[in-house]
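Colleague: Got a minute to go through this model with me? I have it open and would like to start with the odd spots.

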Amino acid sequence: MPSMATGNNNNNNNQFVNRKNKIDQQRKSLPIASVEKRLVEEVQKNDTLIIVGETGSGKTTQLPQYLFNGGFCRDGGIIGITQPRRVAAVTVAKRVAEECGVELGQKVGYSIRFEDVTSMSTRIKYMTDGLLLREALLDPYLSRYSVIVVDEAHERTVQTDVLLGLLKDVQKKRSRSSNASNNDHVKSNNGALVKEENNGQTSSGFKQQLVKKLNPLKLIIMSASLDARGFSEYFSGAKAVHVQGRQFPVDILYTAQPETDCLDAALVTILQIHLDEGPGDILVFLSGQEEIESIESLVRENLKKLPEAKQKLLILPLFSSLPSEKQMKVFTPAAVGFRKVILATNIAETSVTIPGIKYVIDPGLVKVRSYSPDSGIESLIVVKTSKAQALQRSGRAGREGPGKCFRLYPESRFEGLDDSTVPEIKRCNLSNVILQLSALGVDDIIGFDFMEKPDRMAVIKSLELLYLLGALTDEKKLSDPIGHQMARLPLEPNDSKALILASQFGCLEEMLIVVSMLSVESIFYVPREKLEESRAVIKSFSSPDGDHLTLLNVYRACLEFLEKNKTENSNDKAEKNLRRWCKDNFINNRSLKHARDIYKQIRENVERMGLKISSCGDDTLQLRRCLAASYFLNAALKQPDGTFRVLANGQIAEVHPTSVLRRTKSECIIFYNLVQTTRNYVRNVTRIDYLWLAELAPQCYALKD
Ligand SMILES: Nc1ncnc2c1ncn2[C@@H]1O[C@H](COP(=O)(O)OP(=O)(O)OP(=O)(O)O)[C@@H](O)[C@H]1O
């Protein structure tokens, strides 16, 4: 009825106006709002500026809007803001689009690996630091950007560090370009030439070029917990500005004694808050998916035994391999009568505002990458957070009102923590970084202007790996076509090589599945109480040839199931039924869904590269040979005592208990990763013939008599 429609419209309009007014009020009350004019002036005066301000003061959401209003996009330039994590780039972009009253993807957008929500009219663009690095491959002058803001620089991810060095170089090139006359040719340090293409994008490596006069690139480094002096020195004495004040106070509480069981302490704190504290959602920082899933079931079990609380508890996990629509669930306000408890890894540590969070629980631990150049082993280890991380975590409360942070350790331990985290570049395998830098024309990795130099031995080992994979030539340049193809794929070098080779082995269809399945955490999910029952079910998927083929079987079984269901049901219903199927088969539905998304995305990549996608069907010998040809550095031979010796470095390891080859009789295997816990374990293992090694990787192995 027309009258009702009008009533609804009025209602919607009122809601919209109320929300807009609330947001405007909120924006005005942010500490950064009082220094808007000064910040814009500082950016006008300085090509590089460092901004330090409390968590929640408004840096990430407001500064780009101030710069937009201050005219930094006037001649079509874009303000790019990098984040170390995808979830931050997406959620902040959504918020800023709402604040600006525009549709996401128009004036305000985001771009992350495999997902681009921008358009020709986007002027404020949030993205991951890795994505900007990839853009630099196509546009070495980053010519579309007038300003780049590197947010959360204190995290010092390897991508941030590479980006900082690169941006320094881009700034120099852009300054030279702006000083050059329109007819001059501009040549970058790495020899790349710049050519304007029709769509305004540029590309490296052209012999002929037209040069566009570019304005200097404005660079802003930003964080709440930054060693401003170190950054200033790196950027030749760049000015640092401190934004004072925080919006709401956060009470920090410590335990009297160290906790021996962090999971138990977190569980007790969640329940105590739920029963005793006032309304407000809870955010708990845990070290990984496994801990999250155990706490989830512990909370559920314990809730059954406790007296009914005023509100119901809604438990939501948040970790990086969770499909993005599941991740986004945590950002939806809880319904009336519910309290959210979000169990998150450190992906929720910086930049994000999760509406409703009043309480933060911080056990003070984090899982990080660690790499030993001597053994070539990269592992994940759990370590204490730094002070900077503790500060960021507590800063997730106090964003919409006063908050509380429960640190599950004594105050004395906080005092003893390192100020900042060891930069990732000092503790990871560098082969991907080197591949990316080589693609950007940087051949002298040791001489590259890093803020902190990586370990020389780690560089040498990584160069060696890339050389053996055929990605680099003797002159340490990217090889053609393998090296260039590998650099185009957004994967680890070994995985990229496996896909490229698979097109020659006639099994690219299968390798795409295997690489996608290996990119997600634990495909099988076994509740402790169903250990026995699960074994028999999981066995139905297992291949005597190993875990890679087992993963392939799971994926194929899932496709078969969907196919069968789709003929009888709608797509949505088929997907719903798949969840049940996963549960019955002890398969982690989230991980499988994620693997299917990754599969789609990398398939598009290899199609664009023109690789031939064919299938080896049930004859998986070619697939195993291709695995041997790609992961040959991860080959291991059986020892008389049943353990395996990694041929490349002599390390001794056992096959992981979750592997289908745990009790294998095979003499030779390749594995996907080596993890170090109390012992060395190889995970995701496949049986190969050791003679293949000399045949398929002669650069590494030779046959002795
Ligand atoms: N999605 C959102 N929903 C509700 N409020 C939000 C949201 N995003 C931001 N805000 C509000 O804007 C404030 C400023 O957020 P912003 O991310 O700009 O701060 P920041 O200084 O960058 O913090 P940090 O250093 O923690 O990243 C928050 O404290 C919160 O009050």
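Colleague: Where is Pro481 found?

Modeller: Pro481 sits in a loop, the one between helix H14 (456-468) and helix H15 (482-488). Keep in mind that this is a predicted model.

Colleague: And what kind of peptide bond joins Asp480 and Pro481?

Modeller: A cis one, with omega at about 5°. As a rule, most peptide bonds are trans.

Colleague: Next odd spot. What is the phi of Glu152 near?

Modeller: Glu152 has a phi near 55°, which is positive although the residue is not glycine. In general, most residues other than glycine have a negative phi.

Colleague: Which elements flank Glu152?

Modeller: Glu152 is in the loop that runs between strand S6 (145-151) and helix H6 (158-179).

Colleague: S6 belongs to a sheet, then. What is the strand order there?

Modeller: The order is S4-S3-S5-S2-S6-S9-S1-S10, eight strands in an open sheet with mixed pairing. Strand S4 (115-117) and strand S10 (239-243) are the edges, each pairing on one side only. From one strand to the next the twist averages 20°.

Colleague: How many bridges do S1 and S10 share, and in which sense do they pair?

Modeller: Strand S1 (residues 48-53) pairs with S10 over five bridges, in the parallel sense. If you want a register mark, Val52 stands opposite His242 in S10.

Colleague: There's another open sheet, with six strands. What is its order, and which are the edge strands?

Modeller: That one goes S11-S18-S15-S12-S14-S13, and the pairing is parallel. Its edges are strand S11 (250-254) and strand S13 (312-318), which each pair on one side only. The twist there averages 20° from one strand to the next.

Colleague: What about S12 and S14 inside it?

Modeller: Strand S12 (residues 281-285) and strand S14 (residues 338-344) pair over four bridges, in the parallel sense. Phe285 has Ala344 in S14 as its bridge partner.

Colleague: Switching to the ligand. How many residues surround it, and which are the closest?

Modeller: There are 19 residues around the ligand, and the closest are Lys59, Thr60, Thr61, Arg396 and Arg399. Helix H3 (residues 59-69) gives the most to that shell, with three residues.

Colleague: Which domains does the shell draw on?

Modeller: At least three residues come from each of domain 1 (21-176 + 214-242) and domain 2 (250-425).

Colleague: How does the shell split by class?

Modeller: Nine polar, seven charged and three nonpolar residues.

Colleague: What polar atoms lie close to the ligand on the Gly56 and Ser57 side?

Modeller: Backbone atoms in both cases. A polar backbone atom of Gly56 is 2.8 Å from an oxygen atom of the ligand, and a backbone N or O atom of Ser57 lies 3.1 Å from a ligand oxygen. With Arg95 a polar side-chain atom is involved, 3.4 Å from a nitrogen atom of the ligand.

Colleague: How much of the ligand does the protein bury?

Modeller: The protein buries 93% of the 630 Å² that the ligand exposes when taken alone.

Colleague: Last one, further along the chain. How does S23 pair with S21 and S22?

Modeller: Strand S21 (residues 652-655) runs parallel to strand S23 (residues 680-687), with two bridges, and Glu654 stands opposite Tyr681 there. Strand S22 (residues 668-676) is antiparallel to S23 and joined to it by seven bridges. Ile670 has Thr686 in S23 as its bridge partner.

How values were computed:
Residues numbered from 1 in each chain as written. Predicted model: local features only at pLDDT ≥ 70, side-chain atom pairs only at ≥ 80, totals over all residues. Heavy atoms only, no water. Near = heavy atom within 4 Å. Polar contact = N/O pair within 3.5 Å; in protein donor to acceptor, adjacent residues only side chain to side chain. Areas by Shrake-Rupley, 256 points an atom, 1.4 Å probe, with all protein chains shown as cover. Nonpolar A, V, L, I, M, F, W, Y, C, P; charged D, E, K, R; others polar. Domains from an automatic or database assignment. Pairing = 2+ DSSP bridges. Axes fitted to C-alpha atoms, helices over the stretch in contact; angles between N-to-C directions.
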